[in-house]
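Subject: Structure for your review

Dear colleague,

Please find below the structure I promised to hand over, followed by an account of what was found in it.

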Amino acid sequence: MHRNLVASTLLAGAALAVLAACGTQSKDGKESAVTASRAAVPTPERKTVQGLPGMPPVLDPKDVYAADRPNRLSPVVKDFPSRVYVPNTESDTVSVIDPKTYEVIETIPVGRQPQHVVPSWDLKTLWVNNNRGHTLTPIDPKTGKAGQEVEVHDPYNLYFTPNGRYAVVMASLDRELVFRDPHTMKQVRTEPVTCYGVNHADFSLDGRYFIVSCEFSGELLKVDTEKMKVVGQMKLPFEGAMPQDVKISPDGKRFYIADMMADGMWVLDGDKFTEPTLLHTGKGCHGLYVGRDSREMYVSNRGEGSVSVFDFTQNRLTKKWHLPDGGSPDMGGVSADGKVLWLSGRYDDEVYAIDTRTGTQLARIPVGSGPHGLAVYPQPGRYSLGHTGIFR
């Protein structure tokens with residue numbers, strides 16, 4: 001009986017082997033390797049990014065803006081009232097707009113020549129850059145109240161390292177990058193630069209370096225974040241170049257630099273830091289703002305009163321919206337739900353609200369004199385890299 005059981009087992013195994021072989025044959029009798037090859041391929045591991053020490057982990061290596069989806073507000077800001085904060089450079093004030101009514105609901109006195117309203121790395125404070133007043137005015141976005149000014153020399157613009165360790169002041173006329181404590185603004189290190197007019201920047205996918213535009217000498221800098229040192233410098237290949245806003249592509253492979261004299265965006269490989277190419281957008285190309293789905297970027301053309309739309313997936317410009325009655329669209333940001341693009345009208349003392357689906361002008365709001373780097377707040381994201389709101 002035992003012998004019969006063993007024999008039966010062997011026969012059953014042989015039959016299964018034959019059935020398995022039959023199952024891998026094609027109609028012409030040739031064996032298919034599809035099943036075997038699928039089984040042999042290991043499940044691909046999600047690529048991880050070795051970021052700057054202390055930086056929050058990259059959510060998606062293919063999209064640096066993955067945390068910026070519509071209304072995905074951090075617990076830190078979810079109870080803050082939605083407002084648009086507009087620094088008026090010649091009025092020395094900040095106009096506060098209610099985005100639901102398109103009306104100015106408050107005017108806050110600040111220091112001399114406020115240039116940008118900048119969300120702090122921890123999202124808790126809005127810093128007004130009083131460039132000629134040599135101060136920063138903190139605003140509590142929960143209450144809308146301004147606090148005591150902090151002395152900071154030549155704060156044209158303000159950024160934060162991705163790990164939140166330092167604030168980086170763009171001291172344009174001083175020709176310096178000044179690394180400071182992000183809370184007290186106490187000076188930690190100063191990096192002198194040889195270009196003129198450092199003004200805008202953005203960080204690489206891993207946060208280990210950032211690209212800086214030099215407005216008055218037509219140059220770009222590459223800065224090592226951890227070492228706080230300039231490691232690269234180049235002159236843009238356009239006579240009279242005047243680079244402005246800087247933004248990285250969702251996949252982290254390219255930087256876009258607006259140039260108001262070249263009337264377009266420079267497309268730069270930040271890792272290689274080789275000569276960039278120019279993509280024409282419109283006269284006075286100035287501000288760059290990525291949409292909530294990471295597919296499109298809105299480009300303000302200040303010199304012709306228009307907004308160009310660049311599609312990252314198609315790698316081309318797809319639309320151009322012209323403001324009714326013209327205008328001077330400058331700096332701004334996208335609403336938390338992604339439906340409205342807000343831009344200051346630098347030379348027209350007004351602010352524009354634009355529908356991001358159709359390009360329709362929703363509102364044209366009178367503000368103070370010389371409105372510049374307005375901040376839409378709050379916005380989605382885990383932390384702020386500065387300027388008028390670069391969130392990751």
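D325 sits in the loop between β24 (316-322) and β25, and although D325 is not a glycine, its phi is positive, at about 65°. Its relative accessibility is 80%, so D325 counts as exposed. Please keep in mind, here and throughout, that this is a predicted model. A second residue other than glycine with a positive phi is S294, where the angle is near 65°; S294 belongs to the loop between β21 and β22 (296-301), and because its relative accessible area is 8%, under the 20% cut-off, S294 is classed as buried.

One peptide bond should also be mentioned in connection with the backbone: the bond that joins Y377 and P378 is cis, with omega at about 0°, and P378 is located in the segment after β29 (375-377). The ring of Y377 takes part in an aromatic cluster together with F80 and F391.

As for the chain overall, its secondary structure comes to two helices and 29 strands, and 55% of its 392 residues count as buried. If one takes the contacts between residues at least 6 apart in sequence, 47% of them join residues that are at least 24 apart.

Eleven aromatic pairs are present in the structure. One of them is formed by Y102 and W342, whose rings are tilted, with 40° between the planes and 5.9 Å from centre to centre. Y102 lies in the loop between β2 (93-98) and β3 (103-109), whereas W342 is in strand β26 (residues 340-345), so this pair ties together parts of the chain that are 240 residues apart in sequence. With a relative accessible area of 28%, Y102 is partly exposed, while W342, at 2% relative accessibility, counts as buried.

Turning to the cysteines, a search of the whole structure finds one disulfide, which is formed by C195 and C214 with their sulfur atoms 2.1 Å apart. This disulfide links distant parts of the chain, given that C195 is in the loop between β12 (187-192) and β13 (198-203) and C214 is in strand β14 (residues 209-214), 19 residues apart. The torsion about the S-S bond is about -50°, and the disulfide is therefore left-handed. C195 counts as buried because its relative accessibility is 0%, and C214 is buried as well, with a relative accessible area of 0%. C285 is also buried, again with a relative accessible area of 0%.

You may wish to look next at the internal space, where there are two cavities of 30 Å³ or more. The largest cavity holds about 170 Å³ of space, and among the 13 residues that line it, D68, V290, R292, Q379 and G389 are the closest to its centre. Strands β21 (285-290) and β25 (329-334) each supply at least two residues of this lining, and by class the lining of the largest cavity divides into six nonpolar, four polar and three charged residues.

The second largest cavity encloses about 80 Å³; it is likewise lined by 13 residues, of which V58, L59, V64, R382 and R392 lie closest to its centre. The lining of this second largest cavity has ten nonpolar and three charged residues, with no polar ones.

Among the open pockets, the second largest has a volume of about 250 Å³. Its lining is made up of 14 residues, and those nearest its centre are S82, P99, S335, A336 and D337. The classes represented in the lining of this pocket are eight nonpolar, three polar and three charged residues.

Finally, a few words on P366, which is found in strand β28 (residues 361-366). P366 counts as exposed because its relative accessibility is 62%, over the 50% cut-off. Once its neighbours within four places in sequence are left aside, P366 is in contact with V104, D349 and E350, and the C-alpha atoms of P366 and D348, which are 18 residues apart in sequence, lie 8.5 Å apart in space.

With best regards

Terms used
Residues numbered from 1 in each chain as written. Predicted model: local features only at pLDDT ≥ 70, side-chain atom pairs only at ≥ 80, totals over all residues. Heavy atoms only, no water. Helix = DSSP H or I, 4+ residues; strand = E, 2+ residues; numbered from the N terminus. Buried < 20%, exposed > 50% of the residue type's maximum accessible area, 1.4 Å probe, protein only. Contact = heavy atoms within 4.5 Å. Disulfide = S-S within 2.5 Å. 1 Å grid on protein atoms, 1.4 Å probe; cavity = no way out; pocket = protein on both sides within 12 Å on 5 of 7 lines; lining within 4 Å. Points joined across faces, edges and corners; volume = space filled by probe spheres on them. Nonpolar A, V, L, I, M, F, W, Y, C, P; charged D, E, K, R; others polar. Phe/Tyr/Trp six-rings, centres within 6.5 Å; stacked < 30°, edge-to-face > 60°.
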